[in-house]
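Colleague: Got a minute to walk me through this one? I'd like to start with the surface and then look at how the chains meet.
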Amino acid sequence: MNKTLVSFLVFVVGLAVFHNVIFPVFTPKEIGWFLNRYVYYLLFIAYLLIAHFMLRLKAPISLMGLFVWALGFYFYKWVLYPPIPWTLFITYMVMWSIGTFLYVSQDPDTFREFRKPIVKAIVGEYKLAQIVLLTVLPLLVGWATYQSIIPNYQEPVELRTVHPAPPATTKVHGKTYPLESTNNPFRIDEQDNYKESFPFLDADKHEYMKYVTEGGTIFFQNCHFCHGDQLNGLGMFSHVFNPTPANFIDPGTIAMLQESFLFWRVAKGGPGLPNESTPWSSSMPPWEEHLKTDEIWKVILFEYWYTGWHPRTFGTEGSES
Amino acid sequence: MTSNNYIKRLILSFLTVALIAVPGTALAALPDAVKKDLLEKGKKVYFKRCVWCHGVEGGGDGPSADRLFTRPRNFIQGTFKIRTTDSGELPMEADLIKTVKNGLPGSAMPAWGEFLSNDEIVAAVNFVKTLVQDRDFNDIEDEEVFVQDFGTNPWGTKGPYHLGIPQADIDTGKEIFTKNKCFECHGGEGRGDGNPTMKDDWGFPIVAADWQQCWNFRGSRRDPYDPFHIVRTISTGLNGTPMPNFKDQIIVEDRWKIAAFVNSLCPRKKIDPLTNKPIPDFLIQSVYTAGNVVGKIDDPSWASPDTDRRIVALSEELAENPLRHYIAMAGQITRGKRNFNPKTDNLWISSRWSEEEGAVYYLVEYHLRFLSQDPEYPDAVAIQWPAKLQDLFGAEKPYFIFGDSKKPVDLWKASFMVQDYSATNAPSEKGYQLDVNVNETVGFGFDAISDKEYE
């Protein structure tokens with residue numbers, strides 16, 4: 001059998017089997033030192049090398065170049081985790097393509113060999129390839145141009161700041177709180193001591209759990225409708241709103257904020273947002289109208305206990321991370 | 001393979017097929033006993049995740065309960081809705097695990113499958129079994145259960161949308177629906193508005209399922225268009241609710257046909273896998289009309305299917321008609337009488353505009369399962385607009401709870417009262433007469449609404 005074809009099949013069939021059968025095995029819920037996606041990727045490359053060596057395959061340089069390029073594409077698109085943004089993907093692939101080109105043009109012989117099929121297609125030695133190249137390519141470009149200028153309906157773009165700069169002070173129930181120096185009055189102990197404690201059951205034993213229970217009670221009477229029973233921003237009402245309610249499980253929300261910032265946001269809600277967040281763009285109610293100051297602090301205490309995050313602190317003492 | 005062996009195998013497979021093919025057979029089984037070694041872990045999960053709604057003793061009376069509709073389940077009596085076992089019986093452990101994993105759409109119960117590990121869910125389910133006081137999962141004498149056989153999908157339709165069920169079966173399903181008086185609770189058009197006075201076993205108000213919103217079916221397991229879930233509910237009933245089982249009244253083939261009918265009522269929309277609801281149409285398109293727009297809602301020019309035309313191709317005559325947009329709704333919990341448990345969670349809007357008239361028309365449809373008793377809030381719908389759009393900067397918006405002193409909103413409010421409609425009647429082919437009353441107001445704040453005056 002044609003060795004080029006065998007080499008191609010080794011690659012394509014191998015990738016299909018690896019991706020569909022072996023990849024799920026290497027991406028379990030709990031990642032290990034061996035069972036992870038990068039080891040999987042190295043294994044796939046090892047398989048390619050070994051298969052080519054064992055079968056004594058020598059693919060032409062154009063095919064090898066294609067393999068190298070496809071391996072890069074596969075890595076950035078499916079293996080690398082977490083997924084990278086599209087723009088970054090394009091940047092990486094441009095670099096990778098340049099690298100592939102360097103590989104095929106490493107010496108004049110390989111480059112000539114690489115060029116050969118392309119030149120043959122253009123001058124008409126490969127008649128079919130020439131026809132395809134000269135008709136399909138212009139059509140494809142034409143289609144892409146048409147797609148980009150065809151009028152369509154889109155909702156208007158709304159840019160907003162996710163974490164707006166907080167004001168220096170906020171006035172809640174007649175008392176002014178400086179945001180920089182205000183701490184949660186109910187954070188009376190190290191939160192991690194209560195990881196295994198039960199709300200309600202331990203509320204009598206530990207004062208801290210009493211506050212967590214009270215905060216949770218308020219949360220599940222008022223907040224879970226939007227922020228969700230799992231605090232992941234997927235409550236019963238969540239799909240209605242744009243922007244969607246904040247997800248407290250996400251490391252980008254309460255995990256990177258001071259408690260006083262949360263206090264300000266809870267107390268003032270959407271109407272209290274500064275101009276840069278385009279006023280009224282959040283449907284969060286100003287909770288100072290419905291909750292007491294203490295209740296707001298307890299809810300915040302609960303949110304950190306439930307998610308396991310620690311509030312950001314700027315002091316020298318007791319600062320985490 | 002020798003021919004002898006082959007024949008044996010053939011007989012065996014015939015036997016298997018014969019066993020499966022006997023319709024309506026129920027397999028007697030025992031409820032899964034409580035796994036005692038999991039209880040400690042289960043208690044931890046329960047008291048962190050579940051207690052807030054289901055309560056310390058599992059009485060469905062956690063802090064959130066009073067503000068929820070439907071209320072969280074009370075575990076004490078051992079009544080569980082979504083089962084594969086006969087009506088009134090305890091569920092299998094696998095049923096409970098599936099419920100916890102997939103949540104109960106349309107209620108506050110979220111899907112825990114991606115949030116907790118499988119071990120945690122199994123442990124929590126076993127702990128919940130110990131909260132049942134009136135019955136006993138370990139009682140092998142009195143708690144024998146019968147796991148029903150629901151047959152298989154006779155049309156072999158595929159998810160996610162399960163299209164292609166023959167119209168003849170849907171029509172037969174509708175006949176069986178009428179014959180068994182399903183409309184007495186579910187309403188003539190399956191909108192769940194047949195009986196607004198129903199109560200559950202604990203005396204709390206409850207409504208029948210709205211078949212036109214299958215993504216809210218409690219037992220839909222995040223696969224709302226699969227008719228299997230409807231067959232299961234018809235066959236097992238929903239313990240603790242007025243929904244009975246029809247296992248003995250309706251043969252299993254006919255139950256599949258009812259399911260085909262119920263399923264056909266649900267518009268095919270793209271479902272957001274995170275929230276398990278249709279993705280709202282944030283942009284409402286208004287269709288240009290040459291000449292005047294017909295101002296009657298039952299005019300054929302307004303007829304438009306609610307199904308997404310990217311999923312089901314439309315007939316040519318409907319293709320030009322206005323799109324029907326799905327708008328999700330939430331309760332207004334900020335001002336005034338706070339609505340934590342809205343009875344309507346979506347509405348459908350289509351629109352047309354006419355240059356000649358200088359007018360835009362909106363047709364707003366929603367399913368109301370309780371007629372309002374409150375004279376202040378009758379059966380009405382309002383649209384809010386920025387009153388002074390030209391004064392707003394960029395994407396700035398007014399406060400859409402009736403505006404504020406600086407940025408007022410215009411309110412178009414339409415009240416409807418149905419004249420000759422009785423929910424428990426069989427569906428009327430002619431439709432119903434409406435009292436429609438429209439007024440235009442301007443809001444400068446929640447308590448500052450006045451009539452709109454034109455200069």
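Modeller: Sure, a definition to begin: patches are made of residues with over 30% relative accessible area and no salt bridge, with like charges joined within 9 Å and nonpolar side chains (Val, Leu, Ile, Met, Phe, Trp, Tyr) within 5 Å. Keep in mind that this is a predicted model, where local features need pLDDT of at least 70, side-chain atom pairs count only at pLDDT 80 or more, and totals for chains, interfaces and linings use all residues. Residues are numbered from 1 along each chain, chains are lettered from A in the order written, and side-chain values use heavy atoms, without hydrogens or water.

Colleague: OK, which residues make the nonpolar surface patch?
Modeller: A:Leu5, A:Phe8, A:Leu9, A:Val12, A:Val13, A:Val17, A:Val21 and A:Leu66, covering about 650 Å² (Shrake-Rupley areas, 1.4 Å probe, only the protein chains shown count as cover).

Colleague: Which helix gives the most to that patch?
Modeller: Helix α1 of chain A, residues 3-26, with seven residues (helices are DSSP runs of H or I, at least four residues; strands are E, at least two).

Colleague: New topic: how many residues does the contact take from each chain?
Modeller: Chain B gives 48 and chain A gives 43, where contact means heavy atoms within 4.5 Å.

Colleague: And how many salt bridges between chain B and chain A?
Modeller: Two, counting a Lys or Arg side-chain nitrogen within 4 Å of an Asp or Glu carboxyl oxygen. A:Glu289 forms a salt bridge with B:Arg335, their closest N and O atoms 2.8 Å apart.

Colleague: What gives the most on chain B's side?
Modeller: That's α2(B), with eight residues touching chain A.
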